[in-house]
Amino acid sequence: MIIELKLRGHILDSLVLSKLLDQIEGLEVDCYTKEVKIGPKRQDLSEAVFVIESDDEAKIAQALELAKKQGATEV
Amino acid sequence: MTDTILMCSPEHYGIKYEINPWMDISIQSNHEKAMQQWQALYHILKDDLKVDVRLVEAREEVPDMVFTANAAVMYGKTAVISRFKYPQRQPEEAYFAEWFTANGYDVVTLPDDMAFEGAGDALYLDGVLYAGYVPRTDIASHTYISERLKIPVISMELVNKSFYHVDTCFCPLTDGYLIYHPEAFDAYANQVIESNVPEEKRIVANAEEASYFTCNAVNVGKTVVTNLTTPRFTALLKSKGFDHIQTDLSEYMKAGGAAKCLTLKI
């Protein structure tokens, strides 16, 4: 199962992207960042699109739960 | 410049439900004592610190309306009204919106499904809004507010149920100082705080002090007003150039609130 997720906000300054990727990798779910757009000014939002992949549906569900808590949405 | 603070009389305050670990309906607040404690805080702010204190009318069905910190987060003359997580507090939203509108503020509301609990979960430090999330506020609200107000919003995850709002464990002070309790935050939030606030500006409340809601402080100029706390903390504040006023807010601790929760800088 492959799912693409998007995270948007001050995700770099807040370390939210790093945290979420660490947490998902901790589940031993394959995870890679597809695209990162960095807000040009301090007040601008950044955006990351990343992919999670696993044959284990339970792990995918756990990863999605973690992603939701950190504000990620399915693309 | 004089600070302006919004407060709400505790005439209808009481422990009428349980929505945080501090609340226990079998341990009721003493009404008379609660009124006296609120009056003491009111007079410290108004008379001693010359704050312009405004009042919003208390409403019977919302006992926690006394905690005006949760009304909204302010940005100049704009009030971003809270979207309370729990239904018990949701009727407050309309009352606070009504007050801000009647008093000449622009009111911003969030989408219905986006929990956000105002200045209880969002505090400015050096022009950046530091916002807590998970227990009461959804992180999605941070993105929404950042876009609406065009300001940076740093998200910090709260991991200790006793510190369910960021203002229970994080208090920016004058000149870039910060009172906070590191154990209330996850490791990433601590890293963010340590990266953004120089060590000499960080005033760490220990576990005992945090349990007295010492971080739930009101800062006016170089004075910090808190619930009763330790001599160590007073000395710590003094070493950083701050005066410390303590006032007993034990009746509000029963609902999980103290000085900051009872006020909103507007």
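What pLDDT does chain B average? In this predicted model, chain B averages 98, and 100% of its residues score at least 70. For the complex, the predictor reports an ipTM of 0.96 along with a pTM of 0.97. With those scores in mind, let's walk through the structure, beginning where the chains meet.

The contact draws 15 residues from chain A and 16 residues from chain B. On the chain A side, strand 1 (2–9) and helix 1 (16–26) each supply at least two of the residues that touch chain B. Helix 1 of chain A gives the most to this side, contributing 3 residues. If you sort the side of chain A that touches chain B by class, you will find 3 nonpolar, 7 polar and 5 charged residues.

Now let's turn to chain B and follow strand 7 (residues 128–133). Together with helix 3 (residues 139–149) and strand 8 of chain B, strand 7 of chain B makes a right-handed β-α-β unit. The two strands of this unit, strand 7 and strand 8 of chain B, pair in the parallel sense over 5 bridges. For one such pairing, look at B:Gly132, whose bridge partner in strand 8 of chain B is B:Met156.

Strand 8 of chain B (residues 153–157) deserves a pause of its own. Are its residues buried or exposed? The strand is mostly covered, with 5 of its 5 residues buried. B:Val153, B:Ser155 and B:Glu157 point one way from strand 8 of chain B, while B:Ile154 and B:Met156 point the other way, and all are buried. B:Met156, then, is a buried residue as well as the bridge partner of B:Gly132.

Definitions and conventions: Residues are numbered from 1 along each chain as its sequence is written. Chains are lettered from A and ligands numbered from 1 in the order in which they are written. This is a predicted model: local features need pLDDT of at least 70, side-chain atom pairs count only at pLDDT 80 or more; totals for chains, interfaces and linings use all residues. pLDDT is the predictor's confidence in each residue, from 0 to 100. Two residues are in contact if their C-beta atoms, placed from the backbone, lie within 7 Å. Helices (H or I, at least four residues) and strands (E, at least two) are DSSP runs, numbered from the N terminus. Ala, Val, Leu, Ile, Met, Phe, Trp, Tyr, Cys and Pro count as nonpolar, Asp, Glu, Lys and Arg as charged, and the others, Gly among them, as polar. A residue is buried if 20 or more other C-beta atoms lie within 10 Å of its own, exposed if 12 or fewer, and partly exposed in between; C-beta atoms are placed from the backbone. Two strands pair if DSSP finds at least two bridges between them. A crossover is right-handed if, with the strands pointing away from the viewer, the path from the first strand over the helix to the second runs clockwise.
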